[in-house]
Amino acid sequence: MARVLVTGMSGAGKTTLLTELSRRGYDTVDTDHDGWTLPDGDWDEPRMAALLADRPVLVVAGTVANQGHFYDRFDHIILLSAPLGVLLDRVTARSNNPYGKTAEHRADIARYVREVEPLLRRGATLELDGQRPVGELADIIEQLLGPAS
């Protein structure tokens, strides 16, 4: 039983990985949706604290400035990474999220890869290549989580 945070840049594959883990029966929360992120871009801390206190087996995905406040409540912090070109191709092509469609968004992603990803890497307990097949990535996370409830 474990709580796992999957973090990384836009286009790394966090949502796709969560979808696969959910299909396999795991409890997942994508903090890009359903009001987990406040207007300032941070997680809603009381809500996140309550979620983590309530669920012994959980996969959370997101990348926000205050996520480090919760690292001690996760058993594993997984950085899902991919080369900048792959990230930009993915955000341009995806249909489930408008972020990344503009030149400004893509410039932001390039800056985040330079400035934010190294910070995420320092806090990660494991880094996974987001170019790997989603089934392989899910297998690795599944081993960390233990059986689905």
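**Exercise 1. In which sense, and over how many bridges, do E1 and E3 pair?**

Solution. The model is predicted.

Step 1. Strands E1 and E3 pair in the parallel sense, with four bridges between them. Within this pairing, Leu-5 has Val-60 in E3 as its bridge partner.

Step 2. On its other pairing, E3 joins E2 in the parallel sense over three bridges. Here Val-29 is the residue opposite Val-60 in E3.

Step 3. Strand E1 (residues 3-7) also pairs with strand E4 (residues 76-81), in the parallel sense and over four bridges. Val-4 stands opposite His-76 in E4.

**Exercise 2. Give the strand order of the sheet and state which strands stand at the edges.**

Solution.

Step 1. The five strands form an open sheet with parallel pairing, in the order E2-E3-E1-E4-E5.

Step 2. The edges are held by strand E2 (28-30) and strand E5 (126-129). Each has a single partner strand, so one side of each is left without a neighbour in the sheet.

Step 3. On average, and with direction ignored, neighbouring strands of this sheet are turned by 20° against each other.

**Exercise 3. Find the helices that pack on or lie across these strands, and the handedness of the unit made by E2, H2 and E3.**

Solution.

Step 1. Helix H1 (residues 14-23) packs on the sheet and touches E1, E2, strand E3 (58-61) and E4. The direction of H1 makes about 155° with that of E2.

Step 2. Helix H6 (residues 134-145) lies across E1, E3, E4 and E5. Relative to E5, H6 runs at about 155°.

Step 3. The β-α-β unit made by E2, helix H2 (residues 45-54) and E3 is right-handed.

Step 4. Strand E3 is covered on both faces. Leu-58 and Val-60 are buried on one side, and Val-59 and Ala-61 are buried on the other.

**Exercise 4. Explain why the buried residues of H1 lie on the same side of the helix.**

Solution.

Step 1. List the buried residues of H1: Lys-14, Leu-17, Leu-18, Glu-20 and Leu-21.

Step 2. They cover an arc of only 160° around the axis, so they are on the same side of H1. An α-helix has 3.6 residues a turn, so residues three or four places apart point the same way.

Step 3. Look at what this side meets: the buried residues of H1 pack against E1, E2, E3, E4 and H6.

Step 4. Check the face turned away from the buried side: Thr-19 and Arg-23 are there, and these residues are exposed.

Step 5. After H1 comes Gly-25, with a positive phi near 100°.

**Exercise 5. Asn-66 and Glu-45 make a side-chain contact; state where each residue is placed and classify each as buried, partly exposed or exposed.**

Solution.

Step 1. Asn-66 is in the loop between E3 and E4, while Glu-45 belongs to helix H2.

Step 2. Asn-66 has 3% relative accessibility, and because buried means under 20%, Asn-66 counts as buried.

Step 3. Glu-45 has 32% relative accessibility; exposed requires over 50%, so Glu-45 counts as partly exposed.

Step 4. The side chains of the two residues, Asn-66 and Glu-45, make a polar contact of 2.9 Å.

Step 5. With residues up to four places away in sequence left out, Asn-66 touches Asp-42, Trp-43 and Glu-45. By the same count, Glu-45 touches Asn-66, His-69 and Phe-70.

Step 6. Glu-45 and Gln-67 lie 22 residues apart in sequence, with 9.1 Å between their C-alpha atoms.

Notes:
Residues are numbered from 1 along each chain as its sequence is written. This is a predicted model: local features need pLDDT of at least 70, side-chain atom pairs count only at pLDDT 80 or more; totals for chains, interfaces and linings use all residues. Side-chain values use heavy atoms; hydrogens and water are left out. Two strands pair if DSSP finds at least two bridges between them. Helices (H or I, at least four residues) and strands (E, at least two) are DSSP runs, numbered from the N terminus. Axes are lines fitted to C-alpha atoms, for helices over the stretch in contact, and angles run from 0 to 180 degrees between N-to-C directions. Contact means heavy atoms within 4.5 Å. Buried means under 20% relative accessible area, exposed over 50%, partly exposed in between (1.4 Å probe, protein chains only). A polar contact is a pair of N or O atoms within 3.5 Å; within protein, one must be able to donate a hydrogen and the other to accept it, and residues adjacent in sequence count only if both atoms are side-chain atoms. A crossover is right-handed if, with the strands pointing away from the viewer, the path from the first strand over the helix to the second runs clockwise. The arc is that of the directions from the helix axis to the C-beta atoms.
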